[in-house]
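Trainee: I have the model open now, could you walk me through how the helices pack?
Mentor: Gladly, and let us settle one term before we start.

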Amino acid sequence: MSQLGPDRREAYKQECEARFAAKSKRELVQCYARECGNPGWVSARAIYLHALRNEMTQRLDCRQIINQSGGLYLSNAKITLRFGKVIRRELPPS
């Protein structure tokens, strides 16, 4: 599912929101960590990341992974969860 037509966007958004609402905090962080370092970009990924960010910010301290414009930092990094706080450590370029 790379590019979504307008008729499918809302359904996919609701699908993502429901999926993330059912996940544990640790599972949310794992979903985010899988996205770090991935340079690809399509409309489906934007919807997925938006829903992920919304769920994470409701349940976790995400200050280290939210950039100034409100989006998620997606560069290659080591992501961990400690006491409800998402910790991000940049990895050196390979």
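Mentor: A residue is called buried here when its relative accessible area is under 20%. Please also keep in mind that this is a predicted model.

Trainee: Okay, so which residues of H2 are buried?
Mentor: In H2, the buried residues are Leu-28, Val-29, Cys-31, Tyr-32 and Glu-35. They sit on the same side of H2, because the arc they cover around the axis is only 155°.

Trainee: And what do the buried residues of H2 pack against?
Mentor: Their partners are H1, H3, S1 and strand S2, the last of these covering residues 85-90.

Trainee: Let's take H3 then. At what angle do H2 and H3 cross?
Mentor: The two axes cross at roughly 140° and come within 10 Å, and the crossing is left-handed. On the H2 side the contact is made by Lys-25, Leu-28, Val-29, Cys-31, Tyr-32 and Glu-35, while H3 brings Arg-45, Tyr-48, Leu-49, Leu-52, Glu-55, Met-56 and Arg-59.

Trainee: How many nonpolar and how many charged residues are in the contact of H2 with H3?
Mentor: That contact has 8 nonpolar and 5 charged residues, with no polar ones.

Trainee: What about Arg-45, is it buried or exposed?
Mentor: Arg-45, which lies in helix H3, counts as buried because its relative accessibility is 9%. Setting aside neighbours within four places in sequence, Arg-45 is in contact with Glu-35, Asn-38, Pro-39, Gly-40 and Leu-74.

Trainee: Now the other pair: how far apart are the axes of H1 and H3, and at what angle do they pack?
Mentor: Helix H1, residues 6-21, and helix H3, residues 43-59, have axes 9 Å apart and pack at an angle of about 35°, and H1 passes H3 in a right-handed crossing. Among the contributors to this contact are Tyr-12, Cys-16 and Phe-20 of H1, together with Ile-47, Tyr-48, Ala-51 and Leu-52 of H3. The residues of the contact divide into 9 nonpolar and 6 charged, again with no polar ones.

Trainee: What does Ala-21 touch, leaving aside its neighbours within four places in sequence?
Mentor: Ala-21 is in contact with Glu-55 and Arg-59. This residue of H1 counts as partly exposed, because its relative accessibility is 48%.

Trainee: Switching to the core, which residues touch the most other members?
Mentor: In the largest nonpolar core, which has 25 residues, they are Phe-20, Tyr-32, Tyr-48, Leu-52, Met-56 and Val-86. At least two residues of this core come from each of H1, H2, H3 and strand S1, and H3 supplies the largest share, 7 residues.

Trainee: And Leu-52, what is it in contact with beyond its neighbours within four places in sequence?
Mentor: Leu-52 is in contact with Phe-20, Leu-28, Cys-31 and Tyr-32.

Trainee: Last topic, the backbone. Where does Gly-37 sit, and what is its phi?
Mentor: Gly-37 comes just after H2 and takes a positive phi of about 90°. Phe-83 also deserves a look, since its phi is positive as well, about 50°, although Phe-83 is not a glycine.

Trainee: Where is Phe-83? And is Phe-83 buried or exposed?
Mentor: Phe-83 is placed in the loop between S1 and S2, and Phe-83 counts as exposed because its relative accessibility is 88%.

Notes: Residues are numbered from 1 along each chain as its sequence is written. This is a predicted model: local features need pLDDT of at least 70, side-chain atom pairs count only at pLDDT 80 or more; totals for chains, interfaces and linings use all residues. Side-chain values use heavy atoms; hydrogens and water are left out. Axes are lines fitted to C-alpha atoms, for helices over the stretch in contact, and angles run from 0 to 180 degrees between N-to-C directions. Helices (H or I, at least four residues) and strands (E, at least two) are DSSP runs, numbered from the N terminus. A crossing is left-handed if the near helix is turned anticlockwise from the far one by less than a right angle, and right-handed if clockwise. Contact means heavy atoms within 4.5 Å. Ala, Val, Leu, Ile, Met, Phe, Trp, Tyr, Cys and Pro count as nonpolar, Asp, Glu, Lys and Arg as charged, and the others, Gly among them, as polar. A nonpolar core is a set of buried Ala, Val, Leu, Ile, Met, Phe, Trp, Tyr and Cys residues joined through side-chain atoms within 4.5 Å. Buried means under 20% relative accessible area, exposed over 50%, partly exposed in between (1.4 Å probe, protein chains only). The arc is that of the directions from the helix axis to the C-beta atoms.
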